[in-house]
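The exercises below are to be worked with the sequence and the model open side by side. Each one sets a task and is followed by a solution that goes step by step.

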There are 2 protein chains.
Amino acid sequence: MARRSLKKAAPVADLDARKATILQAVVREHIDTAQPVGSSSVASTSDLAVSSATVRSEMVTLEREGYLAQPHTSAGRIPTDKGYRYFVDHLQAGVVGATQQQQIKDFFENVRGEVEDVLAQTSTLLSQLTSYTSVVVGAGHAMSPILSTQLVNLEARHQLLVTVFADGSVVKHSVMTNFDASHVEVAEASRQLHALLIGTTLGARVQVPSRNDHVASLVRDAVATLHAQQPTIDGEQVFIGGSSKVAEAFDGVETVRKVLSILEQELLVVSLVQDILDQGLSVAIGSEHGYEPLSSCAVIVAPVTVDGQPAGAVGLLGPTRMKYGEAMAAARAVSAHLARHFGGDERA
Amino acid sequence: MARRSLKKAAPVADLDARKATILQAVVREHIDTAQPVGSSSVASTSDLAVSSATVRSEMVTLEREGYLAQPHTSAGRIPTDKGYRYFVDHLQAGVVGATQQQQIKDFFENVRGEVEDVLAQTSTLLSQLTSYTSVVVGAGHAMSPILSTQLVNLEARHQLLVTVFADGSVVKHSVMTNFDASHVEVAEASRQLHALLIGTTLGARVQVPSRNDHVASLVRDAVATLHAQQPTIDGEQVFIGGSSKVAEAFDGVETVRKVLSILEQELLVVSLVQDILDQGLSVAIGSEHGYEPLSSCAVIVAPVTVDGQPAGAVGLLGPTRMKYGEAMAAARAVSAHLARHFGGDERA
DNA sequence: GTTAGCACTCGGTAGAATTGAGTGCTAGCA
DNA sequence: TGCTAGCACTCAATTCTACCGAGTGCTAAC
């Protein structure tokens with residue numbers, strides 16, 4: 001797995017008011033048009049009462065300081081990652097539009113089904129709201145105690161251990177034996193497993209019987225299989241919505257391919273989101289997250305917290321020139337609704 | 001959902017040997033180069049001992065009959081869907097290369113985990129083998145009898161019905177109540193449900209208690225929730241591998257977007273695959289499957305049959321100019337291995 | 001510090017000329 | 001009758017040129 005450099009987003013030195021205005025104007029227009037932005041355009045657009053020449057000389061400074069870049073001489077400027085970072089850091093919190101607000105509300109009023117279904121549909125919703133690819137991560141049951149287990153006789157030498165966790169997730173594990181277990185034996189093993197595992201979490205050690213009969217062997221195997229699961233990452237669920245938006249957001253075919261192939265690796269997506277949250281960021285721009293193939297992307301993340309516990313996260317992936325204001329607002333709104341949905345209000 | 005025209009692949013009239021050779025040469029070279037193919041190239045490539053002029057006049061016929069098309073005067077010919085169809089129908093079964101054979105073997109020797117995991121990984125494998133996007137569909141448990149059920153008390157008014165089917169699939173359903181059920185009541189309801197449902201299939205009618213107490217109410221709600229599931233389509237699982245290959249296979253960004261957005265709709269993919277199988281095809285070229293947005297795609301499908309029962313299908317989606325021989329061979333090989341894996345050889 | 005003015009740069013575009021792959025047709029040949 | 005060599009023709013792609021214009025950096029004046 002790609003190793004990310006833990007570069008903490010450097011606190012961006014502050015710019016004087018005029019430079020800030022100019023930078024923001026450049027970012028805004030570039031996001032809008034995808035074109036390099038020239039000094040005259042900034043001079044006329046922004047409410048600065050200065051000439052393009054002045055803007056120009058400020059731009060030289062901004063470029064020297066790393067906020068702007070020039071694709072080539074005699075072209076306008078485009079923002080660098082650092083420029084976008086400044087822009088985002090100084091963005092006053094946006095609000096979602098009325099229609100979108102309504103859409104979100106309608107969605108959460110009508111959505112039903114199991115957690116997984118809700119998360120998957122939420123991902124689609126978020127993507128439709130923003131026109132960016134969305135990522136919804138549901139926290140695993142790593143820390144959740146076991147509510148119930150059941151061993152089912154599937155075939156002669158094939159049993160299925162079904163485990164229900166307190167967070168409502170259900171997991172199955174195959175247990176293969178090299179002897180034909182009778183129904184009675186399976187039932188007995190099931191009873192013992194239930195007694196043994198109930199209330200424990202995946203990490204905890206449990207006392208397995210050391211006898212050598214079929215039942216004991218079944219119990220041992222079942223416990224071993226259950227605990228073989230990686231308690232950290234496994235069980236986390238990723239739902240990706242609107243991957244077709246990738247094709248709209250980037251123009252280079254190669255970029256599209258790279259981004260899609262990252263999205264295919266769900267584990268990687270989970271750790272990307274996790275990393276960004278760990279850094280305390282809500283937006284990772286360009287190379288800030290350290291995943292090189294995503295260097296032309298920005299990732300917005302909003303945690304979902306239920307009862308003070310992290311319950312997952314929602315994210316958006318777009319080009320660095322994405323509409324940060326709208327997208328962040330949408331992500332925040334959806335994560336809040338999601339938290340509420342899984343929190344007090346019980347109509348899962 | 002898009003409605004497909006059930007156009008049965010028309011049996012293609014046979015061509016005389018020379019026309020066939022020319023057509024095949026054109027298809028082969030076009031698949032290779034993605035360029036229109038000229039008469040002289042065919043004349044020299046193929047082992048026909050005729051001049052380009054002769055090839056040319058044959059091509060005129062082939063074009064009139066709908067096998068070839070000309071992007072514009074003074075360009076070579078490219079195959080039409082009908083041309084590809086002829087090509088595929090007269091393709092002698094290909095074999096997978098030695099390294100790929102080995103790769104498949106290694107994979108199935110080492111793969112482990114639950115059915116879903118195996119299918120998901122198989123999808124990735126198939127995509128890597130062929131460089132096309134792969135689709136693996138696991139048949140639902142529609143017809144599978146229930147082996148076991150269990151009702152678990154999740155929260156005060158929230159129970160979880162966990163159902164294990166004979167095919168090894170496990171499904172959960174939330175049951176909400178408007179009263180606080182005691183643990184004893186839930187346990188009793190669980191016992192009754194188990195007795196009631198065991199051995200039945202989802203379609204079957206079961207006798208629910210008509211009393212008005214908590215337990216009876218729980219049982220009724222649980223059965224209703226379980227049966228509310230669409231027995232036909234629901235429960236079918238789709239695993240899509242290598243969606244990033246879409247970006248490689250097609251050059252128009254718009255096409256990439258359209259194809260990706262189809263792939264996002266899993267239900268649609270299932271019915272696409274199902275439709276093709278229903279038509280008895282193993283390949284659907286261009287508009288043969290009737291899904292307009294996929295008109296520049298070809299879809300290869302191979303059923304997976306375990307113990308005479310359809311257990312799913314594996315598919316490949318690529319451009320119409322895909323490498324049919326290799327891709328079909330790979331799909332066949334993987335589907336056969338998959339069937340064997342889930343069949344006699346029991347190490348799921 | 002700001003600005004008007006100006007020379008300069010250089011990507012993008014538009015038009016013309018050229019190239020060349022490939023065609024369709026025809027007349028002659030086996 | 002079928003095949004082929006030859007040839008005129010077509011047309012996308014390429015190359016070249018000129019040129020435009022957006023945008024810059026610099027400088028002198030305010």
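**Exercise 1. Determine how β5(A) and β6(A) pair, and which residue of the hairpin takes a positive phi.**

Solution. Begin with the pairing, where strands (DSSP E runs of at least two residues, numbered, like the helices, which are H or I runs of at least four, from the N terminus) count as paired if DSSP finds at least two bridges between them. β5(A) and β6(A) run antiparallel and are joined by seven bridges. Within this pair, A:Leu160 stands opposite A:Ser174 of β6(A). Next, examine the turn: four residues lie between the strands of the hairpin, and A:Gly168 has a positive phi near 95°.

The model is predicted, and local features need pLDDT of at least 70, side-chain atom pairs count only at pLDDT 80 or more, while totals for chains, interfaces and linings use all residues. Residues are numbered from 1 along each chain as its sequence is written, and chains are lettered from A and ligands numbered from 1 in the order in which they are written.

**Exercise 2. Trace the order of the open sheet of five strands in chain A, and establish which strands stand at its edges.**

Solution. First, follow the antiparallel pairing across the sheet, which gives the order β7-β3-β10-β9-β8. β7 and β8 (283-285) of chain A each have a single partner strand, so one side of each is left without a neighbour in the sheet. From one strand to the next, the twist averages 15°.

Second, take the individual pairs. β3(A) is joined to β10 (residues 309-319) of chain A by six antiparallel bridges, with A:Val314 in β10(A) as the bridge partner of A:Val136. β3(A) also pairs with β7 (residues 237-241) of chain A, in the antiparallel sense over five bridges, and here A:Val137 stands opposite A:Val238. β8(A) and β9(A) pair over three bridges, again in the antiparallel sense, and A:Ala284 has A:Val299 in β9(A) as its bridge partner.

Third, add the helix: α11 (residues 266-278) of chain A packs on the sheet and touches β3, β7, β8, β9 and β10 of chain A, contact being defined by C-beta atoms, placed from the backbone, that lie within 7 Å. The direction of α11 makes about 75° with that of β9(A), where axes are lines fitted to C-alpha atoms, for helices over the stretch in contact, and angles run from 0 to 180 degrees between N-to-C directions.

**Exercise 3. Is strand β3 of chain A enclosed or open, and is A:Ile300 buried or exposed?**

Solution. The criterion is a count of other C-beta atoms, placed from the backbone, within 10 Å of a residue's own: 20 or more make it buried, 12 or fewer exposed, and values in between partly exposed. Six of the six residues of β3 (residues 133-138) of chain A are buried, so this strand is largely enclosed by the rest of the structure. In a regular strand, side chains alternate between the two faces of the sheet. In β3(A), one side carries A:Thr133, A:Val135 and A:Val137 and the other A:Ser134, A:Val136 and A:Gly138, all of them buried.

Turn now to A:Ile300, which lies in β9 (residues 297-306) of chain A. A:Ile300 counts as buried because 28 C-beta neighbours fall inside 10 Å. Leaving aside residues up to four places away in sequence, its contacts include A:Ser282, A:Gly315 and A:Met328.

**Exercise 4. Find how chain A is related to chain B, and describe the contact between them.**

Solution. Superpose the copies by least squares on the C-alpha atoms of residues with pLDDT of at least 70 in both. A turn of 180°, with a shift of 0.0 Å along the axis, lays chain A on chain B with an RMSD of 0.1 Å. The two copies are thus related as by a two-fold rotation axis. Among the residues of chain A, A:Val253 comes closest to that axis, at 3.7 Å (C-alpha).

The contact takes 29 residues from chain A and 29 residues from chain B. On the side of chain A that touches chain B, the largest share, six residues, comes from α10(A).

Conventions: Contact = placed C-beta atoms within 7 Å.
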